[in-house]
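Work through the exercises below with the model open beside you, trying each task before you read its solution.

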Amino acid sequence: MSKRWFNLIMRELRLTGLSPPRFADKFWQVRELIKSFNSHMASIFVSSWVICLNESMSISFNRWTCPGWVYCPRKPHPFGNEYHMACCAQSGIMFAVEMVEGKDRPRKYVILDSGFCVLKAIIELKRRGIYSCALIKKRRFWPTGVPGEAMDSHMEAKEVDDVDAVQGCVNGATYNLWAMKEPDYTMKMMATSGSLMADETCRTTSRRWVENGKEKTKEFSYTLPFDHHFHYRHAVDDHNNLRHSLPSWEDTWVTQRWELRVLAFVIAVCELNAYLAIRFTEGKTCMPTLLNFCRKYGWQLIMNDDLVEDTVEHYQLTLEGTHTLCQAPPHARVFRNRHWICDAMQRYQQFACGYLGCNNRIRTYCACRPGVWLCGTCHVRHVLDELERGD
């Protein structure tokens, strides 16, 4: 093989089929390789009763092109990547590998609620390479290591939006207690990363309060730790609100069996994760509402492609075109001559469902028969009847 041909092969050699992550990760191209090796060895090899765990070096002299490069003088080859490796002591087979990523390890930043404000916990997270920021609140007492009263006294004479910090150290790990003056209190946070600076990404906000009988207003930009807190603190709450929005699995599936309630919770989380993943990649503008997404998702579960392959095309055409549950326009009373007669007294006037004696009060209809009022439950029955009739 010629050198030119070899170089062409090496240029196109890829170690992963994954796309680069959205965050900075210098190890993304080899993570799948190492994970596959460990998984394969776990599936085919069982170690003896004695295992040896030690470090090993992969030789590399250029620290600028080698992520995780270390210098370990006690090793025969001190330059390169360090691995923690597990070896069967009797056979000598290496069956588990973990790369030491060091300072090049991707940094993660965790926003914590006040219920997780524990100094020992955020110090331990920092030692594991995870930075965090926790809101400080006084329950009965201040959290351990937080001089809350002294911070309040120090910030009392400050202006609104003034910030200050107290730095501490626990077993060699530093942390900061941030304080920001609000109109009627001092906001406090405990963090292991960040600075009291504002950059172009920080949001501008305003505060309005009454002082000595006069109304005052002030605009300012959050500093980085406070901007991160206000920007990301509601992620779990947003997920919960979407998961609990009606109709939800946990409200609809009425059962007294505890294990089924756990199952409903997991299904609801997976359903919402699918919706959020599509919304994150495709954008909010082209996404259907969560209700429409759940409706289509439910039909896909019913009309499983692997079980009912011959009806998939008919189902998709029927669902997306003919049998869509629609809302009547405001003041709609009746559909006549291909037009809605909008002379109802109430803007959102409700009517009795006209399917099989159902008396639910609604203002929805199926696109195939606009003149017949249908509730959500009866719409499902209607579509099933139409599908059976088509078959």
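The exercises that follow deal with pockets, a helix, nonpolar cores and two single residues in a predicted model.

**Exercise 1.** Describe the largest pocket, its volume and the residues that line it.

Solution. Begin with the space itself, since the largest pocket holds about 980 Å³. Next, look at its wall, which is made by 27 residues, with P247, L291, R295, G376 and V380 lying nearest the centre. Then assign the wall to elements: α7 (249–252), α9 (290–302), β12 (325–327) and α11 (376–390) each supply at least two lining residues, and α9 gives the most, with nine. Finally, sort the lining of the largest pocket by class, which yields 14 nonpolar, 10 polar and three charged residues.

**Exercise 2.** Do the same for the second largest pocket, and find which element gives the most to its lining.

Solution. The volume of the second largest pocket is about 710 Å³. Its lining consists of 26 residues, and those closest to the centre are I111, L112, H229, R233 and H234. Two or more lining residues come from each of β5 (108–112), β6 (130–136), β9 (186–191), α5 (224–232) and α6 (235–244). Among the elements, α5 gives the most, with five residues. By class, the lining of the second largest pocket holds 13 nonpolar, five polar and eight charged residues.

**Exercise 3.** Establish which residues of α5 are buried, and what covers them.

Solution. Going along the helix α5, you will find that L224, P225, F226, D227, H229 and F230 are buried. For the second part, turn to the surroundings of these buried residues, where the cover includes the strands β5, β6, β7 (163–170), β8 (173–181), β9 and β10 (204–211).

**Exercise 4.** Locate the largest nonpolar core and the elements that contribute to it.

Solution. As background, nonpolar side chains tend to be buried together in soluble globular proteins. Here the largest nonpolar core has 15 residues, of which L119, I136, V146, L177 and M190 touch the most other members. Two or more of its residues come from each of α3 (119–127), β6, α4 (148–155) and β8, and β8 gives the most to this core, with four residues. To follow one member outward, take L119, which, leaving aside neighbours within four places in sequence, is in contact with T144, G145, V170, Y175 and M190. Apart from this core lies another, of 14 residues, among them W340, C366, C375 and C378.

**Exercise 5.** Decide whether I122 is buried or exposed, and trace its contacts.

Solution. Place I122 in helix α3 before anything else. Its relative accessible area is 0%, and because a residue under 20% counts as buried, I122 is buried. Leaving aside neighbours within four places in sequence, I122 is in contact with L112, S132, M190, A191 and T192. For one of these partners the separation can be stated as well, since I122 and M190 are 68 residues apart in sequence and 8.5 Å apart in space, C-alpha to C-alpha.

**Exercise 6.** Decide whether E82 is buried or exposed, and list what it touches.

Solution. E82 lies in strand β3, residues 79–88. With a relative accessible area of 12%, E82 is under the 20% limit and is therefore buried. Not counting residues up to four places away in sequence, E82 touches E55, S56, M57, V70, E98, M99 and V100.

Methods:
Residues numbered from 1 in each chain as written. Predicted model: local features only at pLDDT ≥ 70, side-chain atom pairs only at ≥ 80, totals over all residues. Heavy atoms only, no water. 1 Å grid on protein atoms, 1.4 Å probe; cavity = no way out; pocket = protein on both sides within 12 Å on 5 of 7 lines; lining within 4 Å. Points joined across faces, edges and corners; volume = space filled by probe spheres on them. Nonpolar A, V, L, I, M, F, W, Y, C, P; charged D, E, K, R; others polar. Buried < 20%, exposed > 50% of the residue type's maximum accessible area, 1.4 Å probe, protein only. Contact = heavy atoms within 4.5 Å. Core = buried A, V, L, I, M, F, W, Y, C linked by side-chain atoms within 4.5 Å.
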